[in-house]
Amino acid sequence: MNPAEEIKQLFPDSVVSVGHQTNKPLAIIKKEGLLKIAEKVKEMGFDNLSVITGIDYGDRFEVVYNFLSYTKKQNLVLKVVLGHENPEVDSLASVWKVADWLERETYDLVGIKFRGHPNLKRILLPDGWIGHPLRKDYDMSVDQFVTVGEDGEDIVSTDGSNLLRR
Amino acid sequence: MWTGDIMFANAYELIVYILNYIGIYEPINDIFKMFGIEYVLRIIIVLVEIAVLLVFALLTIMFLTWMERKVVAMVQARYGPMVTGPRGLLQPVMDGVKLIGKEDIIPAKADRWVFTLAPFIVFIPALLIFIPLPFGESLIISDLNVGLLYIIAISAVSPIAILLAGWASNNKYSLMGAMRAVAQDISYTIPLALSAIAIVLFTGSLSTVDIVTAQNGTWFGFIPKWFIFLQPLGFILFLIASIAEMGRIPFDFQESEQELVAGFFTEYSGMKFAMFFLAEYAHLFSVSAIVVTLFLGGWSLPFLTFIPGALIPLVSLGIFLVKTYAIIFFAMWLRDTVPRVRIDQLMNLGWKIMIPLALLNLLVTGFLLTAGVFR
Amino acid sequence: MDPLTIDTTKIKMTKKQPVTALDKLNDTGLISTVLAAREREGLILFSTIDQVFNWARLSSLWPVTSGLACCAIEMMATAMAHHDVARFGMEIFRASPRQADLMFVAGTVTKRMAPRVKKLYEMMPDPKWVISVGSCANTGGPYHESYSVLKGVDMIIPVDVYIPGCPPRPEAWIYGIIQLREKIKNQGYGAKWGLNK
Amino acid sequence: MKTEELLINMGPVHPSTHGVLRFKLTMDGEIIKKCEIVMGYLHRGTEKLGEMKTYMQFIPYTDRLDYISAFPNNYAYVKAVEELAGIEVPLRAEYIRVLTLELNRIVNHLVMLGSLLLDLGASTMIMYGFRERENALQLFEMLCGARMTFNYIKPGGVREDLPDGFIPKLNEFIKDMEKRIDDYEQLISGNEIFMGRMKNIGVMSAEDAINYGMSGPSLRGHGVNYDIRKIEPYSVYPDLDFKACVRHECDSFARYMVRIDEMRESLHILRQVVDAMPPAKPVSQAKYGIAPMTGAPTAVSTYFPRIFTPPVGEVYSRIEAPKGELGFYIVSDGSIKPYRIKIRSPSFCNLTAIPKMVEGLMIPDLIAAFGTIDVVLGDVDR
């Protein structure tokens, strides 16, 4: 019985719809029920959280979780739809430790906040970077340069005068 | 080897004998005696000896840098320096000249005087060890009767200079590197000294020439009377301790790139860095020479009785160099194949294994000697 | 009075310049020939020393390990057994910039890495050269439009030799090194008058 | 006696961090108390570029992700596009793909062994490793003209068929590699100092390893028998018989030994692929004109239109890359450019385990454990 239907029976109210993502069972769930479902999914044997993707659709944000159960050789995809203003969802770092960095990267590039995350900071871009690059409304024209402060931290500024060689 | 009676105590007498043989020694001596400054001739001769030794030392250091690169290349199935000079022979010269021409950076907050002084304090002891080394039959600068003790004492000076360098360059990495290097040097001088003392029990005298002459002759006709056969454990301990003293892989902590960037000479550039570089190779040559002197019978080979008198110094010098380069080749070969040991494993090996073994070796040798096994 | 509209040709020098012996001599053009002769004579004196130093510098270039991306793997391949760079005396990959005199910028220089590459360059002692390897380091390469990549390393440090390619083949690396050796050979006093053999 | 903690910065430019990665270590004497990893020094914004390029134009960017083994990157992306658009691939092309994947796995493990030994101080293994790699790169060059960035696998098959002298040269390479692997074992595995440096260093329990998202040979070093070629078989792997190499000692030495076994396993697979390679059936290109210009079908690729617009939808496909599970998540809105591309990189997830694995060890052990995790910075920072 495909795991998406199983979750629908267990959490009928927080599962919006069940479907397929090309060949993997997909369950679209509400933001509030995420943590409870995640714990249940872990018990069902999905011990590998492969990837967390944040997608900016212009009017809404989507966070997609892909799971793989090594023992049962099954896949499962959970999708959460969020509003466009300040997207916020529960963090799964307490359930899967790999989620810690995956969520930090999603926050860094797409700008989705994760409640309850141990230290939600930028991971790939320097801390002072302006804007989240993978959003559709990120303007590429502004050139931001990085210089090193005294204690080795990065300082982001738009004028690269002391860095560039005129 | 030969009749056992050595013709000249040191190189000075050899030179005086040669001058007499040519017949120009008496007239020069008389001229100096007329002015009453007869000792000046003796000083000149000693200066000539030291000049020859310095030239020989620098040439061997340059040759060793070239040999190191070629041996490493040979082990790693590649060529090594080929472009400068025939088969890259001029490469060390080029490195030296380039390093002279480099800008000399002294870090801002570094302690200027100590920073510039440290390389010299490292380089000078490395050359001082050459004095008591018996290069040949009578080719020894001065046959100190405390030769072995002198060698071990001088090789204890370089850790101090390493600490000076590490502290002066005001850089976290170099300070840690210096601490490690000093800890390593000190903890490996003890087994070095203990295994050397086991040799002195046999010869009864610290002078290097006596040690070499004690290894003349053969047992049962074909086994040469080298101390390596009497002291196999001592030889292994001495070899490991000397490699650790030199700071070469697998005990390479001075410049273990992977961990502490470049060890204590991270901040050195130009000629100062060249000093450290040359001191390391001088140390390599001198320690190999000591291993040969103590355990492999210095310049003597048991079967060479037909050498005419005049050629003896040259032939003995050749034999000595062949043996030394065998040990150097072993050290270089080790450098390429074996990974590095961790600092705490190094200390365990030093204190928990090598020192007890050295003491045991000393005990057993003393016991056998008093029991008269070897007389 | 608008300074732009002043007609400079009408201005006459008010103070009379004293005419010294030097001016007279200079009119005959003698001084410039003497200076030129002394300079060339200096050349002959110094150019041989320069040639020796140039030869020493070009034959023992010690690179600093600053591999950033894919070109770093080609840098390792060039230094390994098959295309041996040690033949040119570049065998010791010094880890600390203090002892290096050649810097390979091999890979993409991102905005975050740029100040560190510049600091690495400044830490190297003076006669130093930079080889920018790969189209990423030359002009930003395939990542030209990206928001976090510097469009070419010559925006922050002066570069001597550019090696095109993504990643350039080890043979291209060695060709770049030979070009740098030619460039070093023609440095110094003797270069202007072609005295450098 | 109050000892103060020392903050050591193994900075972005460091010989043993395999590229530009920075460790912030708070040290208590020689022992590491806390290790924090700072990355992003090679973040080139590949995912943003993915949204500006068409499906075919993005393939060269996948080469430069994990630049030591570029074929698996190409294949993972192309497999995702094929699943999205439902393109089938001729059998000969699948066999050629598996051939390149396994050859690239051997090259990746060679570079990993070489740099691991170089970090431990022995500078000879990397020379031998790169010597074998040169032979393999010559094979790649015969195949597609490039040494490291191949751009060879395209949706629908591969760009070129095997050149004539390829198979004999490959057999020669396989025979030579078998002898070489035994030489490496003799040089390294029996070495006392190496075992002293690797045995029970960087120990981590199997549950932690799975929980930290480790995958690939690093995970199989912890006794966890998960190999995506077995769990989610793709391409022609079901028809090939091979076993997932597993070690149960959960330490750096086990992770190292897994890679040696995997190299032998890959050679075994290569031999089977060479024997079972179907012959090239000529395909009529009358309707489409000459192959490269119009994307017409050839013996090794099906028809792939120049203007390729996949159906609307999302797909996530994963393969067993030499470093672990490599996956591409593609969202397409029907236009010629993907709407969003997310790359699940194995090195990024394997790296999460390092801070926990390294507490209480010394710097040389951090380097040894880090070497066995086999991280490439292009893959981590994307």
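Colleague: Where in chain A does N119(A) lie, between which strands?

Modeller: N119(A) belongs to the loop that runs between β7 (113-115) and β8 (145-148) of chain A, and, as with everything we discuss here, the position comes from a predicted model.

Colleague: Is N119(A) buried or exposed?

Modeller: Burial is judged here from how many other C-beta atoms lie within 10 Å of a residue's own, with 12 or fewer counting as exposed. N119(A) has 8 such atoms within 10 Å and is therefore exposed. In sequence it stands 18 residues from W101(A), and the C-alpha to C-alpha separation of N119(A) and W101(A) is 9.7 Å.

Colleague: Which residues of helix α1 (residues 3-10) of chain A are buried?

Modeller: They are P3(A), A4(A) and I7(A). These residues span an arc of only 105 degrees around the axis, so they sit on the same side of α1(A). Among the elements that cover the buried residues of α1(A) are β1 (15-21), β2 (24-29), α2 (34-43) and β5 (74-82) of chain A.

Colleague: How should I read a pair of packed helices, beginning with α8(B) and α11(B)?

Modeller: Two packed helices are described by the angle between their axes and by the distance between the axes. In chain B, the axes of helix α8 (residues 172-203) and helix α11 (residues 232-246) come within 8 Å and cross at roughly 150 degrees, which makes α8(B) roughly antiparallel to α11(B). The crossing of α8(B) and α11(B) is left-handed. Residues of α8(B) in the contact include Q184(B), Y188(B), L192(B) and I199(B), while those of α11(B) include G234(B), F238(B), A241(B) and E245(B). By class, the residues of this contact divide into 10 nonpolar, five polar and two charged.

Colleague: And at what angle do the axes of α13(B) and α14(B) cross?

Modeller: Helix α13 (residues 271-295) of chain B and helix α14 (residues 312-337) of chain B have axes that come within 9 Å and cross at roughly 115 degrees, and the crossing of α13(B) and α14(B) is right-handed. On the α13(B) side the contact is made by L284(B), F285(B), S288(B), A289(B), V291(B) and V292(B), and on the α14(B) side by F320(B), K323(B), T324(B), I327(B), I328(B) and A331(B). The contact of α13(B) with α14(B) has nine nonpolar, two polar and one charged residues.

Colleague: How many helices and strands does chain C have?

Modeller: Chain C has six helices and four strands, and, read from the N terminus on, its elements follow the order α-α-β-α-β-α-β-α-β-α. Of its 197 residues, 51% count as buried, and among the contacts in chain C with a separation of 6 or more, 78% come from residues 24 or more positions apart.

Colleague: How many residues does each chain give to the contact of chain D with chain C?

Modeller: The size of an interface is often given as the accessible area lost when the parts come together; here I can instead give you residue counts. Chain D gives 28 residues and chain C gives 31 residues. On the side of chain D that touches chain C, α1 (46-50), α2 (59-63) and α5 (125-144) of chain D each supply at least two residues, with the largest share, five residues, coming from α5(D). That side of chain D has 16 nonpolar, six polar and six charged residues.

Colleague: How many residues do chain C and chain A bring to their contact?

Modeller: Chain C brings 11 residues and chain A brings 13 residues, and the side of chain C that touches chain A has six nonpolar, one polar and four charged residues.

Methods: Residues numbered from 1 in each chain as written. Chains lettered and ligands numbered in written order. Predicted model: local features only at pLDDT ≥ 70, side-chain atom pairs only at ≥ 80, totals over all residues. Contact = placed C-beta atoms within 7 Å. Nonpolar A, V, L, I, M, F, W, Y, C, P; charged D, E, K, R; others polar. Axes fitted to C-alpha atoms, helices over the stretch in contact; angles between N-to-C directions. Parallel < 35°, antiparallel > 145°, perpendicular 65-115°, else oblique. Left-handed = near helix turned anticlockwise from the far one by under 90°. Buried ≥ 20, exposed ≤ 12 C-beta atoms within 10 Å, placed from the backbone. Arc of directions from axis to C-beta.
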